[in-house]
Amino acid sequence: KHQEESTLRELRIFLRDVLTKLGRDRKFSMFTKPVDLEEVPDYLVIVKKPMDMSTMMTKIDLHEYVTVEAFMSDIDLICRNALEYNPAKDPAGRAIRHRACAFKDTAYAIIKAELNSDFEKQCQEIAQAR
Ligand SMILES: COC(=O)N1C[C@@H]2C[C@@H]3O[C@]2(Cc2nccnc23)C1
């Protein structure tokens, strides 16, 4: 239905805006691109499903998110991956862990401030009907 397509178009615009805001913050720069597997050869041994903001932007453009909840799952995945790969045993690991937690909290805060709950309800209904 055209109404559904219009709702999903608005969802894509909203999600691009969230990623743009997160990408502007320099302390989240390590989450903007995939971890370089040549620089970090054991990354895939530990992290089964890598995720980053550029990959999420591509997923938006491929219409792979039909709800904000699905988008937040990938935000949570970015955070979880960073906590799994970077132990708290050294300052570098602790710094990435801290930024991963700040990244997730900031994403949730932006969404809470800007998302209309009825809108997400409409998206959930479209997702269930598909
Ligand atoms: C979200 O980012 C990460 O989880 N990481 C983990 C890797 C370990 C450390 O930092 C990362 C990249 C890197 N490259 C070279 C040498 N050491 C590192 C980024």
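Is Cys79 buried or exposed? With a relative accessible area of 5%, Cys79 is buried, where buried stands for under 20% relative accessible area, exposed for over 50% and partly exposed for anything in between (1.4 Å probe, protein chains only). The structure is a predicted model, so local features need pLDDT of at least 70 and side-chain atom pairs count only at pLDDT 80 or more, while totals for chains, interfaces and linings use all residues. Residues are numbered from 1 along each chain as its sequence is written, and side-chain values use heavy atoms, with hydrogens and water left out.

As for the overall layout, the protein chain has six helices and zero strands. Helices and strands here are DSSP runs numbered from the N terminus (helices H or I, at least four residues; strands E, at least two). Read from the N terminus, the order is simply α-α-α-α-α-α. Along the principal axes, the C-alpha atoms of the protein chain take up a box of roughly 50 × 25 × 20 Å. Out of 130 residues in the protein chain, 35% count as buried. Contacts (heavy atoms within 4.5 Å) reach well along the sequence: of those in the protein chain with a separation of 6 or more, 71% join residues 24 or more positions apart.

Turning to the interior, the largest nonpolar core has 31 residues, and Leu22 and Phe71 have the most contacts inside it. Such a core is a set of buried Ala, Val, Leu, Ile, Met, Phe, Trp, Tyr and Cys residues joined through side-chain atoms within 4.5 Å. Two or more residues come from each of helix H1 (2-24), helix H3 (53-61), helix H4 (68-85), helix H5 (91-114) and helix H6 (117-129). H4 gives the largest share of this core, with eight residues. Beyond its neighbours within four places in sequence, Phe71 is in contact with Leu15, Val18, Leu19, Met56, Ile60, Tyr65 and Ile111.

Ile75 sits in helix H4 and is buried, at a relative accessible area of 0%. Leaving out residues up to four places away in sequence, Ile75 touches Leu22, Met56, Phe103, Lys104 and Ala107. Its C-alpha atom is 9.8 Å from that of Phe31, a residue 44 positions away along the chain.

Charged residues get buried too. Asp74, in helix H4, has a relative accessible area of 4% and therefore counts as buried. Lys59, in helix H3, is likewise buried, at 17%. The two touch: apart from residues up to four places away in sequence, the partners of Asp74 are Lys49, Met51, Met56, Lys59 and Tyr65. With neighbours within four places set aside, Lys59 is in contact with Met51, Glu64, Tyr65 and Asp74. The C-alpha atoms of Lys59 and Arg12 lie 9.8 Å apart, although 47 residues separate them along the chain. In the loop between H3 and H4 is His63, which has a relative accessible area of 44% and so is partly exposed. His63 also has a positive phi, near 60°, despite not being a glycine.

Back to the cysteines: a search of the whole structure finds zero disulfides, a disulfide being a pair of cysteine sulfur atoms within 2.5 Å. Why is the sulfur of Cys79 not in a bond with the closest cysteine sulfur? That sulfur, in Cys101, is 4.9 Å away, which is too far for a bond. Cys123 is buried as well, with 0% relative accessibility.

What about open space? The largest pocket holds about 320 Å³. On a 1 Å grid over the protein atoms alone, a pocket is an open set of points with protein on both sides within 12 Å along at least five of seven lines, whereas a cavity is a set where a 1.4 Å probe fits but cannot get out; lining residues have an atom within 4 Å of a point. Grid points are joined across faces, edges and corners, and the volume is the space filled by probe spheres set on them. Eighteen residues line the largest pocket, with Met30, Val35, Tyr43, Asn86 and Ile96 nearest its centre. H4 supplies the largest share of this lining, four residues. By class, the lining has 12 nonpolar, two polar and four charged residues (nonpolar: Ala, Val, Leu, Ile, Met, Phe, Trp, Tyr, Cys and Pro; charged: Asp, Glu, Lys and Arg; polar: the others, Gly among them).

Met30 belongs to the loop between H1 and helix H2 (43-46) and is partly exposed, at 28% relative accessibility. Residues up to four places away in sequence aside, Met30 touches Ile96 and Arg99. Met30 and Ile96 are 66 residues apart in sequence, yet 8.4 Å apart from C-alpha to C-alpha.
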